[in-house]
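Work through the exercises below with the coordinates open. Each task is followed by a solution in steps.

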Amino acid sequence: MLQEGCELFIGGGTVVSIDGFLAELEALRKAGVDVSRIKLSDRAHVVVARHAQTDRDAEAARGSNALGTTGRGIGPAYVDKAARTGTTFGMLLAAGELDKHVAAHVVDGAQYMQQAIARGKKVLAEGAQGTLLDVGYGTYPFVTSSHTIAGAACTGLGVGPRAIDRVLGVVKAYATRVGGGPFPSELRGKEGERLRDRGAEFGTVTGRPRRCGWFDAVAARYAAQLNGLSAAAVTKLDVLDGLERVGIVTAYRTGGQ
């Protein structure tokens, strides 16, 4: 829930579906949230129906090599952005083609952030994906379509690196993954099912069951280095309660070595 006096800002490094944005606004409104406190950067790119269809078609064409995308058009929208053929919310606003219910939330993103910092406002930037899903430093090609490490907060929000004074990592007491990709500690039997059920490990967007496994200290160390963590918070320790044995990955074996 958005606390009183706080504002929620969706930065320019994101891609956003107008229909999805409106649906979430309505859900928040029904929950009693003052949605006028929700701001959207003019630099954010628009996800359209064509993107979602392209996403689903590409996954179907990959067959057994499917990446496990949500099918919501995120990747194709980023493709258009990189190809300089995308559409930003600012472009639609300037052309008078943006839904009035959305237009009221669009702001000059960089200016919005710079003014908040100048006024001494406390800013908390939240990442939406794990480190190993980063398009540059994750388990490519089984990654998302944007940068998810802490450094991406600067480009995503329009602030310089000196504006960030603390980086907090959040890690589960066990490992999870949605979709395809490498997973050294994956548990495919009853232990994995137990973690999934007790931890309610299902995708927040698609509802797909997450793959579960033991805590991977190698991946966690890598993530801590890439993000320059000040501290880390370990969550869902209670899910491991009652287990006689808990596994931890301390090294990888490749090529039989």
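**Exercise 1.** Place H45 in the secondary structure, then decide whether H45 is buried or exposed.

Solution. H45 belongs to strand 4, which covers residues 45–47; strands are DSSP runs of E with at least two residues, helices are runs of H or I with at least four, and both are numbered from the N terminus. The model is predicted, so local features need pLDDT of at least 70 and side-chain atom pairs count only at pLDDT 80 or more, while totals for chains, interfaces and linings use all residues. Residues are numbered from 1 along each chain as its sequence is written, and side-chain values use heavy atoms, with hydrogens and water left out.

Next, take the accessibility. The relative accessibility of H45 is 10%, so H45 counts as buried (buried is under 20% relative accessible area, exposed over 50%, partly exposed in between; 1.4 Å probe, protein chains only). Last, list the contacts (heavy atoms within 4.5 Å). Apart from neighbours within four places in sequence, H45 touches T14, V15, V16, K81, G86, T87, T88 and F89.

**Exercise 2.** Describe the surroundings of R72.

Solution. Start with the location: R72 sits in the loop that links helix 2 (49–62) and helix 3 (74–82). Its relative accessible area is 47%, so R72 is partly exposed. Beyond neighbours within four places in sequence, R72 contacts V47, A52, D55 and V205. For a distance check, compare R72 with G169: they are 97 residues apart along the chain, and their C-alpha atoms are separated by 27 Å.

**Exercise 3.** Which residues of helix 8 are buried, and how are they arranged around the axis?

Solution. In helix 8 (residues 190–199), the buried residues are G192, L195, R196 and G199. Viewed down the helix axis, these residues fall within an arc of 95°, so they line one face of helix 8; the arc is that of the directions from the axis to the C-beta atoms. K190 and D197, on the other side of helix 8, are exposed. The cover over the buried residues includes strand 8 (211–213). After helix 8 comes A200, with a positive phi near 50°.

**Exercise 4.** How many helices and strands does the protein have, and what does its radius of gyration say about compactness?

Solution. Count nine helices and 11 strands. The radius of gyration is 20 Å, close to the 18 Å from the globule rule for 257 residues, so the protein is as compact as a globular protein of that length (taken over C-alpha atoms; the rule is 2.2 Å times the number of residues to the power 0.38). Of the 257 residues, 35% count as buried.
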